[in-house]
Amino acid sequence: MKKTTMEAKCPICKKVIEFSARYGNYVCNECIDLGTFTEDGRRVRHGNISYSGGFESIIEGETEKGNEHYCYIIKNGIKYNLYADEARFGGIVYLLVNK
Ligand SMILES: [Zn+2]
């Protein structure tokens, strides 16, 4: 019997992450914990609008909540472009934008 390995890796740090059929190689929490930033270097956080879901972004220094999906993280001096979105079962998932 052949065992099928369903393995996913964080596209940034290559750490093994829980396999997600829906999202594939999403960016792991450790990388996201480094901080997510807008293109002009302001801190941006993403969250659900309510417990039932939704997507919103909160940019440092702004009072209005937005709908900004793109953000950046910097790891080992490399800037990565990420796309944040509402996860199927709540929370936020971050995907690396293919260049
Ligand atoms: Zn990672």
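This passage describes the overall make-up of a predicted protein model and the pairing of its strands.

Taken as a whole, the predicted protein contains 1 helix and 7 strands. Reading from the N terminus, the elements follow the order β-β-α-β-β-β-β-β. Along the principal axes, the C-alpha atoms occupy a box of roughly 55 × 35 × 20 Å. Of the 99 residues in the protein, 15% are buried. As for contacts between residues at least 6 apart in sequence, 32% of them link residues at least 24 apart.

A good place to begin with the strands is β3, which spans residues 44-47. Its two faces can be told apart: V44 and H46 lie on the covered face, whereas R45 and G47 lie on the uncovered one. Strand β3 pairs with β4 (residues 56-59) in the antiparallel sense, with 4 bridges between them. Within this pairing, V44, a residue of the covered face, has I59 of β4 as its bridge partner.

Further along the chain comes a sheet. Here 3 strands, in the order β5-β6-β7, form an open sheet with antiparallel pairing. Strands β5 (70-75) and β7 (92-96) are at the edges and have a single partner strand each, so one side of each is left without a neighbour in the sheet. On average, neighbouring strands of this sheet are turned by 40 degrees against each other, direction ignored. Looking at one pair in detail, β6 (residues 78-86) joins β7 through 5 bridges in the antiparallel sense. In this part of the sheet, L82 is found opposite L96 of β7.

How values were computed:
Residues are numbered from 1 along each chain as its sequence is written. This is a predicted model: local features need pLDDT of at least 70, side-chain atom pairs count only at pLDDT 80 or more; totals for chains, interfaces and linings use all residues. A residue is buried if 20 or more other C-beta atoms lie within 10 Å of its own, exposed if 12 or fewer, and partly exposed in between; C-beta atoms are placed from the backbone. Two strands pair if DSSP finds at least two bridges between them. Axes are lines fitted to C-alpha atoms, for helices over the stretch in contact, and angles run from 0 to 180 degrees between N-to-C directions. Two residues are in contact if their C-beta atoms, placed from the backbone, lie within 7 Å.
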